[in-house]
Amino acid sequence: MKKIGILLSGRGSNFRAIKKAVDNDDIKNAEIAVVISNKEDAAGLAFAKEQGLDTVFINHQDFADRESYDREIVKELNSRNVDLVCLAGFMRIISPWFVEQFENRIINIHPSLLPSFPGLDAQRQAFDYGVRFTGCTVHFVDAKMDNGPVILQRVVEVKGDDTAESLAERILEQEHKAYPEAVALFCDDRLRVDGRKVKII
Ligand code: GRF
């Protein structure tokens, strides 16, 4: 049984997709052990509470620096024996120390085909650039932002009448498929990290 810890800051739609997949058994041998938010009013945190999940709010403003904040998060994760950390719209950069504690056990989703358009507002970056295809990437987290080994990607075509918003909506639909799929692969022990590459076995 793998224990999943979710970190989020907002809406939480990717978290919902993961939760649904756990409930449906599309992700097997897993349970959501805790949902942690740095925002008290995050919709994702409210949903987790409604679902009867264990939730924790940790305010980053209460900590002097990034690492002391991360130490608090890691304490909460370890006290529940979390195996896999899923960043699901967690709007904070995590410290190298945190990454080390969970080497190859932290996953993130980013709304572009990395390495294109890292950072904030990736859907708008892609739209403004004028690419014909974009998408989403699920990847392991390393010490650099939006950089770690790629697990899965899904492609979304940019249409002539798209706005940045309509494009973001279609990317989000694909995120909700890709993220649970990647988590299922992890929970089935089917991912092997070899340098920059992830083998699916
Ligand atoms: C998603 O677009 C995700 O790719 C990015 O942050 C957004 C989170 O959305 N990392 P939600 O909170 O999961 O709805």
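1. Asp121 is found in the loop that runs between β5 and α5. The model discussed in this note is a predicted one. In this model Asp121 has a positive phi of about 55°, although Asp121 is not a glycine. Most residues other than glycine have a negative phi, and most peptide bonds are trans.

2. The loop between β5 and α5 (122-129) also holds Pro115. The peptide bond that leads from Leu114 to Pro115 is cis, and its omega is near 10°. A student reading the backbone may therefore wish to set this bond beside the general rule that most peptide bonds are trans.

3. Where does the ligand sit? The ligand occupies the largest pocket. Two elements give two or more residues to the shell around the ligand, namely α1 (13-24) and β5 (106-110).

4. The residues around the ligand are Arg11, Gly12, Ser13, Asn14, Gly89, Ile109, His110, Pro111, Gln123 and Glu175. Sorted by class, this shell comprises 2 nonpolar, 6 polar and 2 charged residues.

5. Several contacts of the ligand involve its oxygen atoms. A polar backbone atom of Gly12 is 2.7 Å from an oxygen atom of the ligand. For Asn14, a backbone N or O atom lies 2.8 Å from a ligand oxygen atom. In Glu175 the contact is made by the side chain, where an N or O atom is 2.7 Å from an oxygen atom of the ligand. Taken alone, the ligand exposes 360 Å², and the protein buries 86% of that area.

6. Side chains of opposite charge can pair when their charged atoms come close. How many salt bridges does the model contain? The count comes to 11 salt bridges, taking a distance within 4 Å between a side-chain nitrogen of Lys or Arg and a carboxyl oxygen of Asp or Glu.

7. One salt bridge joins Lys2 to Asp189, with the closest N and O atoms 3.2 Å apart. Lys2 belongs to strand β1 (residues 2-8), whereas Asp189 lies in the loop between α6 (164-187) and β8 (191-194), so the pair ties together parts that are 187 residues apart in sequence.

Terms used
Residues are numbered from 1 along each chain as its sequence is written. This is a predicted model: local features need pLDDT of at least 70, side-chain atom pairs count only at pLDDT 80 or more; totals for chains, interfaces and linings use all residues. Side-chain values use heavy atoms; hydrogens and water are left out. A residue is near a molecule or strand if one of its heavy atoms lies within 4 Å of it. A polar contact is a pair of N or O atoms within 3.5 Å; within protein, one must be able to donate a hydrogen and the other to accept it, and residues adjacent in sequence count only if both atoms are side-chain atoms. Accessible areas come from the Shrake-Rupley method with a 1.4 Å probe; for residues, only the protein chains shown count as cover. On a 1 Å grid over the protein atoms alone, a cavity is a set of points where a 1.4 Å probe fits but cannot get out, and a pocket is an open set with protein on both sides within 12 Å along at least five of seven lines; lining residues have an atom within 4 Å of a point. A molecule sits in a cavity or pocket if more than half of its atoms lie within 2 Å of its grid points. Helices (H or I, at least four residues) and strands (E, at least two) are DSSP runs, numbered from the N terminus. Ala, Val, Leu, Ile, Met, Phe, Trp, Tyr, Cys and Pro count as nonpolar, Asp, Glu, Lys and Arg as charged, and the others, Gly among them, as polar.
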